[in-house]
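Trainee: Could you take me closely through a single part of this model, namely the way its strands pair with one another? I would like one connected account that I can follow with the coordinates open.

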Amino acid sequence: MPEFTVTVAHHPEESVIAVTGEMDMSTCPRVEEATMALPAGNVSLRLDLSGISFMDSMGLNLLLTLRRRLRAGGGRLLLAGVQEQPCGLLRLTGAYPLFDITEAADSLAGSGR
């Protein structure tokens, strides 16, 4: 199993959280903890999932909860670099159209749009 990491970077226009490994029951709390440190107000969050090889229902639930929380505060969630298995889970459950998804994940060094 690949090592699980969560990296956070805050930029003037958005925050970026990059996650690697597997998003499951044992790792989702670390991702959720990282999202709790987001600046208040209209925040745009780019969640870089290009390093996620596997996501289960806990990961899906976390994404849906995060989306709802950000939208309630006037924010936006963008999923970047979603790999085959997590993408398949989003499609299978009908959740795919709920998210803004981009193929390319911007680096943590900058949030170029």
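Mentor: What follows traces the strand pairing step by step and then turns to the cysteines and the rings.

Please keep in mind throughout that this is a predicted model. The protein chain contains three helices and five strands, and, read from the N terminus, these elements follow the order β-β-α-β-α-β-α-β, with two strands preceding the first helix. We can begin with strand 1, which covers residues 5-10, and strand 2, which covers residues 15-23; the two pair in the antiparallel sense, and six bridges are found between them. The connection from strand 1 to strand 2 is a hairpin of four residues, and a useful place to check the register is Thr-7, which stands opposite Ala-18 of strand 2.

Ala-18 also leads us onward, since its bridge partner in strand 3 is Asp-48. Strand 3 spans residues 44-55, and its pairing with strand 2 is parallel, with eight bridges. From strand 3 we can step to strand 4, made of residues 76-80, where the pairing is again in the parallel sense and runs over five bridges; here Leu-45 has Leu-77 of strand 4 as its bridge partner. Followed in this order, strand 2 pairs with strand 1 in the antiparallel sense and with strand 3 in the parallel sense, while strand 3 in turn pairs with strand 4.

The contact statistics of the protein chain can be set beside this path: of the contacts between residues at least 6 apart in sequence, 69% link residues at least 24 apart. Of its 113 residues, 42% count as buried, and the accessible surface is about 6000 Å², with carbon and sulfur atoms contributing 53% of that area.

Two cysteines deserve a careful look. Cys-28 counts as buried because its relative accessibility is 5%, under the 20% cut-off, and Cys-87 likewise counts as buried because its value is 16%. A disulfide is a covalent bond between the sulfur atoms of two cysteines, and the count of disulfides in this model is zero.

As for the rings, there are zero aromatic pairs by the rule applied, but there is a contact between a charge and a ring to inspect: the charged end of Arg-91 sits over the ring of Tyr-96, at 3.8 Å from the ring centre.

Notes: Residues are numbered from 1 along each chain as its sequence is written. This is a predicted model: local features need pLDDT of at least 70, side-chain atom pairs count only at pLDDT 80 or more; totals for chains, interfaces and linings use all residues. Side-chain values use heavy atoms; hydrogens and water are left out. Buried means under 20% relative accessible area, exposed over 50%, partly exposed in between (1.4 Å probe, protein chains only). Contact means heavy atoms within 4.5 Å. Accessible areas come from the Shrake-Rupley method with a 1.4 Å probe; for residues, only the protein chains shown count as cover. A disulfide is a pair of cysteine sulfur atoms within 2.5 Å. Rings of Phe, Tyr and Trp (its six-membered ring) pair if their centres lie within 6.5 Å; planes under 30 degrees apart count as stacked, over 60 as edge-to-face and the rest as tilted. A charge sits over a ring if NZ of Lys or CZ of Arg is within 6 Å of the ring centre and within 35 degrees of the ring normal. Two strands pair if DSSP finds at least two bridges between them.
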